[in-house]
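Me: I have a model open on my screen and I'd like to understand the words used for it. Could you go through them with me?

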Amino acid sequence: MVQKYQSPVRIYKYPFELVMAAYEKRFPTCPQIPVFLGSEVLRESRSPDGAVHVVERSCRLRVEAPRLLRKIAGVEHVVFVQRNVLNWRERTLLIEAHNETFASRVVVNESCSYTVHPENEEWTCFEQCASLDIRSFFGFENALEKIAMKQYTANVKRGKEVIEHYLNELISQGTSHIPRWTPAPVREEDNRSQAGPRDPGSLEADRPGSAPGPAPETVLTDEDKLDADYIERYLGHLTPVQESCLIQLRHWLQETHKGKIPKDEHILRFLRARDFHLDKAREMLCQSLSWRKQHQVDLLLQTWRPPALLEEFYAGGWHYQDTDGRPLYILRLGHMDTKGLMKAVGEEALLKHVLSVNEEGQKRCEGNTKQFGRPISSWTCLVDLEGLNMRHLWRPGVKALLRMIEVVEDNYPETLGRLLIVRAPRVFPVLWTLISPFINENTRQKFLIYSGSNYQGPGGLVDYLDKEVIPDFLGGECVCNVPEGGLVPKSLYLTEEEQGHTDQLQQWRETYQSASVLRGAPHEVAVEILEGESVITWDFDILRGDVVFSLYHSKQMPKLGPQEPGARAGGQLTDKGWVLGVDYSRVEAPLVCREGESIQGSHVTRWPGIYLLQWQMHSPPGNVACSLPGVEDVLTALHSPGPKCKLLYYYEVLASEDFRGSMSSLESCTSGFSQLSTTTSSSSGQSHSSPLVSR
C-alpha cells in the first residue's frame, strides 16, 4: 500500500531571496537535523543569463531503526538523490528527491516547492508532498512503514525550525535584505552566439537516468489550499500526519463531491472520530454528507421552528460558555416529561429539535473561536437529573433516545467536549445501564457524574464553569432562562389518527403486551431470577378500569400452562395450597392504579427464585386481596360476565453485572416520586422500587 503525505502551506514572513539564503546554509551538513549525515554535489548547471540554477546532490541519512532491522538490511545509512531547480526570475525553488538505497524494494518520492506568497510578495510559501511504497523488505514491511513515517514526519516538523534558525542567524549577522535577481547585461555577440536561455524544463535532459519525482495529481488554486498558520489559529495544533490527512480528505472532497464542501472544522471532527484513519474517516463523512443531503440538514436552522409545546416543555437551552470558552448547553432532564413530549409532538419532531441544537452548537463554536482567538470545536453539556425517575425509562422513550444518540454520533462526532451530570439520583444507574452500551467509548470518557450535592465546591462545577454563570437552581447566582419543563397535559397528546402517518404507534404496540383483568382472575407474569442482585423494571398503562399491582417472590416455579415461557394470564400460577408468608411472600406493597395512569417502576431483587408481577381488579377499600386467587375464584370469573380492566405492559430484567458497581446505591433506594408528580402520587410502605404515576 502506498502511503502519502501532503503538507499544508507553511509561510515564512520573509522575502524569497532571504529564505533561499537560509536554505543554502543547510548544506553540505545540517547539525540541526541529526539524521542528515551530509551531502555532495553530483552535478550543477546554470542558464546563460543566470536566472535558473540546477543542483543535483547525493544526501546521506542515518537509519533510525532497531538494531536487528539494520543488521538484516546491512546498511547504517541510506542515500537520496535530490534535484533542485531554482528560478530567480520566477522566484521559485522546486525540489524533487528519491531514494537510491533499496530502490527495488522501497520507493520514496518527495516534491517540495518554495514560492512567493500570492497576496504578499515579501512572504514565502513552502509546500511538500511525499509517497512511500514498500514493495518488499525481508518480511518487515509493516515495521519499516511505521519507522519511515515516524522519522519522516519528525523531519518535516523540524524542517521549518531549521529554516527559521538560519534566517535568525542571517539577520543577527546583519543580512536582513538580499536584492532581487536582475538579468546581467548581455553583449551583442553573445546574443548572436546563443539562441537564448534554455527553458528550465530542458535541463531535465542533464539529469542522470533515475526515477522522476511524482507529479502532483491535481493543481489546486491558492484559495483551495490550507496554510499552517490558519490550521494553528482555527483548527488547533495538529501533527504533520494529521495535517496531511486533513488536506488529503479535503482535496478528495474537492475532486469528487458534488455540492457544498464541508468546513475544515467539520472534516477534522470525522478524522478525529476515526483516529485519523483516512479511509474510515472518508467513509463516515460520505455517509453523513449523504444523510445531510437526504434530510436537508444544511437548511435546518433556517427552516425548523419548534412547536410552541416544545418551547414550553423541552427543558433545555444555551447558557453562556464554560471556562475553556466552549458553548454551554443546559438540559434539565429530570424535569422533562419525555413520555409526554413524545406523545404530544412525536419522535420525529423531537429528533429534529435535537439536530437543530447540534447545528446551533457548531455555529456557536465558530463564533467563540473568533471571539476568544483560539480554536473551539466542541461544547459542554450540563445535565441536571433532579427529578429523574422510572417515568424516564418508558421503553419507547429509551428507544427513541438510543436512536438520537446513534444519529448524533454518526453525524456530529467529536462535538461534545464535556458532559457534566449533576444531582444523579439512585435510579440513574438503571438508565445508564440501558444507554451506555450505545455510547462511543471516547464519548463516555468525557462524562463527569455527580450525585447529591457533590457538584458543589472544589472538584465540582467551579472547576469547569465560572461562578458567574452557574445557574441559580444549582446554587449559583446566574438566572437561567432554560424552560423548567413539567408534565405535558394529556389533552395535548396526538390522537391515533394524527399518529397514523408514522410507524411510531405500531412500534409502541410491538414493544408492549396487552392484557385483560377480570374480577377474581388477575393477569400475572412469572420472572425467573438466577442471581440475587438483579433489577426488574416494569412499565404499564391502564387503559380501562382500576387495578392493583403487586410483586411477589417464591422459591418454587409455578406450574405454567402451554403459553409463552415465563408468563401466564387469567389463571392461577401457584398451587392452591400455597400460603402467603410461607410458600411465597410479597416484596412490593400493593399499588392502586387508576384508569388512564402510566406506571413505571423497578425492584432490586434480594434473592434468586421466581418473581410474580400481578395485576388484579381493584376492590372497594378494605377488600383488597392479600393473597393469590384460588381456582374457584378464577373459574367463577371466567364463566360470569362482568366488567374487566385492560392494560398494556412491558417488563425487563437487568443483570447486576451490567451496573458496574452501582448496585449498592440502587439497593438503598426507596419508593419516591419526582417533583413532577408529588401532587398526585403517594407511596405506601418501604420498598426497593422507584415507581411513578402519571395521571
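**Sheets, helices and cores**

Reply: Gladly! Strands S9-S10-S11-S12-S13, in that order, make up an open sheet of five strands with mixed pairing. Its edge strands are S9 (316-321) and S13 (447-451), each pairing on one side only. This is a predicted model, where local features need pLDDT of at least 70 and side-chain atom pairs count only at pLDDT 80 or more, while totals for chains, interfaces and linings use all residues. Residues are numbered from 1 along each chain as its sequence is written, and side-chain values use heavy atoms, leaving out hydrogens and water.

Me: How do you know that strand S10 is joined to strand S11?

Reply: Two strands pair if DSSP finds at least two bridges between them. Strand S10 (residues 327-331) and strand S11 (residues 379-384) run parallel and are joined by four bridges, so they count as a pair. One partnership to look for is Tyr329 with Cys381 in S11.

Me: What makes H13 a helix, and how does its reach compare with the expected one?

Reply: Helices (H or I, at least four residues) and strands (E, at least two) are DSSP runs, numbered from the N terminus. H13 (residues 395-411) has 17 residues, so the length requirement is met. The expected span is 1.5 Å times one less than the number of residues; for H13 that gives 24 Å, and the 25 Å from first C-alpha to last is close to it.

Me: Why is strand S21 called largely enclosed?

Reply: Buried means under 20% relative accessible area, exposed over 50%, and partly exposed in between (1.4 Å probe, protein chains only). Nine of the nine residues of S21 (residues 609-617) are buried, so the strand is largely enclosed by the rest of the structure. Strand S15 (residues 523-529) is joined to S21 by seven bridges and runs antiparallel to it. Strand S17 (residues 547-554) also pairs with S21 in the antiparallel sense, over eight bridges. Tyr611 in S21 is the bridge partner of Val527, and His553 stands opposite Tyr611 too.

Me: What makes a set of residues a nonpolar core?

Reply: Such a core is a set of buried Ala, Val, Leu, Ile, Met, Phe, Trp, Tyr and Cys residues joined through side-chain atoms within 4.5 Å. The largest one has 62 residues, and Leu385 is among those with the most contacts inside it. A second, separate core has 33 residues, including Ala22 and Leu61.

Me: And how much of the protein is buried?

Reply: Buried residues make up 51% of its 695 residues.
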